[in-house]
Amino acid sequence: MKSVVKQEVLALNGDEAVAYAAKQSDVDVVAAYPITPQTIIVEKFSEYVANGEVETEFVCTESEHSALTACLAAAVTGARTFTASASAGLALMHEMLFVTSGCRAPVVMAIANRALSAPLNIHGDQSDTMVERDSGWIQIYAESVQEVYDSMIQAFRIGENLEVLLPVIVGLDGFTLSHSLENVNVLPDDVAKKFVGIRQLPNVLTHEGKTLPFKLDPENPMSMGPVAFPNYYTEFKRQQEEAMKNALKIIPQVHEEYAQISGRHYGDGLLDAYCLDDAEIATVCLGSTAGTVKTVVDELRAEGVKAGLLRIRTFRPLPMEGIIKALENVKAVAVMDKSMSFGGQGGPVFHEVRHVLYDVLAHPYVVNYIYGLGGRDTSLEQIREIYGDLQKILQTKRVEEPIRYVGLRE
Amino acid sequence: MTTKEKSWKEISPAGVCWKSSTQFFTGDWKTYTPIRDPEKCTRCLLCVLFCPDGAIHWQKEKGDIEFDLNFCKGCGICANECPTKAIEMKMV
Amino acid sequence: MQSEWKFTAKDIAEKPDLFMPGHRACAGCAPATVMRLIMKAVRGPTIVTNATGCMEVVSSIYPYTSWATPWLHTAFENVAANASGIGTALKIMKKKGRIKQQQIDIIALAGDGGTYDIGIQALSGAVERGHDFLFVLYDNEAYMNTGIQRSGGTPYGASTTTSQAGTVVPGKLEQKKPIADIMVAHNMPYVATASPYYWRDLIEKVRKGIEVNGPAFLHVFAPCPRGWRSDPAKSIELSRLAVETCIFPLWEAVNGEYVLSTPSKVLALAPQKKKPVKEYLQVQGRFRHLFTPKFEKMLDEIQQITDAKWQRLLKKCGITQPTKTA
C-alpha cells in the first residue's frame, strides 16, 4: 500500500487544472481550437509552451474537426495526445469522435460542458457530451476542480490500458468548474509523470504477416483506417464494446491506485454514493451539481429525512451493476438531467437509469428533472423541492408528472 | 477465392489490414487481353509505367517485359500508348 | 529548382511498386497510374495518408491493402490535418528520443473531392502552419467514388450527375476553381501541376515536393473513363490532350515564381502546336451535349476561356509568344 505523497496546493480554476494536469502527463502532441469556456486551457498550455515548461508540440489547428484529426493521427503515430473543446466545437468534431474510437486511439479530451446552439449560449450544461454518449468514448464527469485535475491524470492511464484502448472525455461544467477557483492539491511532477508512465502499444497483425506495435512506422508498414464491408464491420464494433466492458474494471483500478498516492477517493471511481445506505429518496446527477445536492442532503438528514444522492462519475461505460446496488433500498429516485433529448420522453440520464432499473423486481419510482439548461443556476431551495416531490410520491403512491423542468417560467 | 472470415476475437483491434492486395487477383475482370509482339517492342517501358494496375513488369534478369495477367484488367492503355503498336488487345 | 535525382525509365520500372497490384480500381483508371508513379518518386522512409475517395477505397478493402508503406485514412475532409498530426508526432518523438533521428517524408493524397471543396479548410490550415508534407491532388474532376457528382474541380460544361446536361441546362455552369493558384497565394515553397502522360515531369515534381522543406502542393490531372464516359484505353492519351490543348497547362511555382514546364513551354514557343479544345472534348461523353446544335456555342466559349487562362499563365511565367505570322 503506497503512502500518500506530499502535495502542493495551488489556486486553480477548472481550465487551469486541466492544463496543469496535461503539463504533468508527458503529453507529446496537443492540437486544439479555442471555444468558450475552454479557452483558458489552450491559453495556459500555450504559456507553458512559450516558457519551455513542457516537451509538447502544440498545434493551433484551424478548426476543432482538424484538432481531433491531428490528435488521432498523432496518436496512431505513437504519440500521447490531448485536446479540449466544448459545445459547438465538440459538435463539429462529431464525425471524428467515432473515427477516433474506431481506430482505438486513446486521445484524452477535456470538455468544458456547455450548451449547444441555437440560440447561442456560452454557459454550462451537459448537452454537448450527452449527445456523444454513443461515440465509443469513455466519459468521466468531475464534481470539483480537484476532481478535474485528478481525473485528467487518471484518464491517460485508463485510455492507454491495453485492455481498453479507448479515447476518454473528462467533463467539467462550463463556468461552474472551468472558471471557478479552488485550492487544488497537485502531485509533484515526477509522481504524476511516473503515474501516467510510458504509453504502451497493442500488437497488431499486418499485411506483411508480422505482428507489430500499432503505429505508423516506415520500418514496419501497416495500413490503418480501411473500409470494412458488412462482412467485418460488426466485429470491430463488438471489439469496441468489449473494451468498454473492460473499462468498467480498469477505471476503478486506476482510481484506486491514484487514491493511494493522492489520498482522494471519488466513490469507487465509477459512482459516488452519498448517504445512500438507508436512503428512501435520492437524486441522481452528474458533475458539479452534486456539490449543491450534498448540501441539501445534509440539511435534510439533520431534519431526519432519509435522503441520499448518487453521483454518476463514469457515465460511459455505464456502471449498471453499481447503479442497481447503490439504489437498492431507495424507493423514489429523481434523475436530474442537465440536457434534453427532444421527443425522447425525458433526458438522457433518466433514460439510462430507468433502463438500468427495469430488471430490478422492486424498482423505485423514477422521475426526471430537467434543470440548469444554458447555465441556469439551480438553488438549494429548488433541490429541496425535488426531494419534497419525492416524498409526496411515496406518500401518494402516484407520480403526477414524470418529467419536470426546474425553474421553468410557465 | 474466399477464406473463412475471422471472429471478433481473432482480428487485431483498430482494423489494421492483414493481407496484401497482391493476394487478390483482379485478372478475371478483363474482357480483352494484351498480346505483345516482341519483334515490334522496343522495350521503351512506357507500358510498364502507364499500367494502372502495375500488371506489366520489366524483368531485369530476362531483359524483357512480362505481363502479369493475374492483375491485368484489360483496359488497353498499354496498347493505346505503345509507340510502335506492338500490343494488340484481343477478346478473351 | 532542380532535384539532384536523375533517373531513366528503366530505373523507375525497376523500383518496386509501393502502390501494389490487386487494388479494385476500374480498368483504365488514370488516378491508379498516378498513384503508382507518385510512389516511384519516394526517396526513403515515407508515410502516406489518404482522404476518403476512389484511391482510398480501392486500395484498402479490409483485410486487403495495396500500400507497402505505412498508411492512414481517417475521413474525407481532413487528410491535411492527418498529415499535420503525423508530422507533429514524429517531430516530438524524435526530440524526445523515442524514435530514430531520420527523415520521414509525409505524402497526403486526395481527390478533387477532398481538396477543392470539403478538404480546402484543412489544407489551407495545414499549409498556413507550414507543416512539412507533400499534398497531391489527383483530379478526376468530380466526386467519382460516390457516383460522378460535380465538384469545384468539375470544368465548365461538363455533365455530372448533379450538374446534368439536359434539354435546358448544359451541364456545369460554373468555372473550374483555380486550386493550384489558390495554393500559390498561400506563399508556399512549391506548387506544381502534372499529368501522367508526362511521367518524367510528374515524378520529378513529386520528388521536388518531397524534398522541399515545408508544405508542397501538386495538382495532378487524372482522367476517369467511367465518369468522363471515355474509352478506358484512352485515359493516358486524354491526360496528354489536356496539356496539348492548354486546358491543363503544366507549370511550377517555386516560392511564388511561376515557371512553365517543358511540355507546355513547347506549346508557348510554337503556338501552332497547340491543339483546339474540340479535340479533347469530343472524345468524352460528358461533353457530348456540346456537339449538339443547341449548345455548340459553348465550344467557342470554352476555347476562349482556355485561351484567356493560357495567356494569363504565360504572362505569369514571363513568356512572350512569337508574334503570329499573317
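These legends walk you through a few views of a predicted model.

**Figure 1. Chain A as a whole.** Start with the big picture: chain A is built from 12 helices and 18 strands. Its radius of gyration is 21 Å, close to the 22 Å that the globule rule gives for 410 residues, so chain A is as compact as a globular protein of that length. If you drew a box along the principal axes around the C-alpha atoms of chain A, it would come to roughly 70 × 50 × 50 Å.

**Figure 2. Inside chain A.** Look past the surface here: of the 410 residues in chain A, 56% are buried. Now take the contacts in chain A with a separation of 6 or more: 78% of them come from residues 24 or more positions apart.

**Figure 3. The two domains of chain A.** The domain assignment splits chain A into domain 1, covering 8-202 + 227-262, and domain 2, covering 271-405. Notice that domain 1 is written as two stretches of the chain, with domain 2 given as a single one. Measure from one C-alpha centre to the other and you get 27 Å between domain 1 and domain 2 of chain A.

**Figure 4. Where the domains of chain A touch.** Zooming in on the contact, you'll find 28 residues from domain 1 of chain A and 20 residues from domain 2 of chain A. On the domain 1 side, the elements that give two or more residues are α5 (127-130), β6 (138-141), β7 (168-173) and α8 (233-262) of chain A. Which of them gives the most to this side? That's α8(A), with five residues. Sorted by class, the domain 1 side has 13 nonpolar, 10 polar and five charged residues.

**Figure 5. Chain B meets chain C.** This view moves to another contact, which takes 31 residues from chain B and 34 residues from chain C. On the chain B side, β1 (19-20), α1 (46-50) and α2 (77-81) each supply at least two residues. The top giver on that side is α2(B), with four residues. As for classes, the side of chain B that touches chain C has 16 nonpolar, 10 polar and five charged residues.

**Figure 6. Strands paired across chains B and C.** Here's a closer look at β1(B), which two bridges join to strand β2 (residues 64-65) of chain C. Do these strands run parallel or antiparallel? They run parallel. To find your way around the pair, look for B:Lys19, which stands opposite C:Tyr64 in β2(C).

Key
Residues are numbered from 1 along each chain as its sequence is written. Chains are lettered from A and ligands numbered from 1 in the order in which they are written. This is a predicted model: local features need pLDDT of at least 70, side-chain atom pairs count only at pLDDT 80 or more; totals for chains, interfaces and linings use all residues. The radius of gyration is taken over C-alpha atoms; the globule rule is 2.2 Å times the number of residues to the power 0.38. A residue is buried if 20 or more other C-beta atoms lie within 10 Å of its own, exposed if 12 or fewer, and partly exposed in between; C-beta atoms are placed from the backbone. Two residues are in contact if their C-beta atoms, placed from the backbone, lie within 7 Å. Ala, Val, Leu, Ile, Met, Phe, Trp, Tyr, Cys and Pro count as nonpolar, Asp, Glu, Lys and Arg as charged, and the others, Gly among them, as polar. Two strands pair if DSSP finds at least two bridges between them. Domain bounds come from an automatic or database domain assignment.
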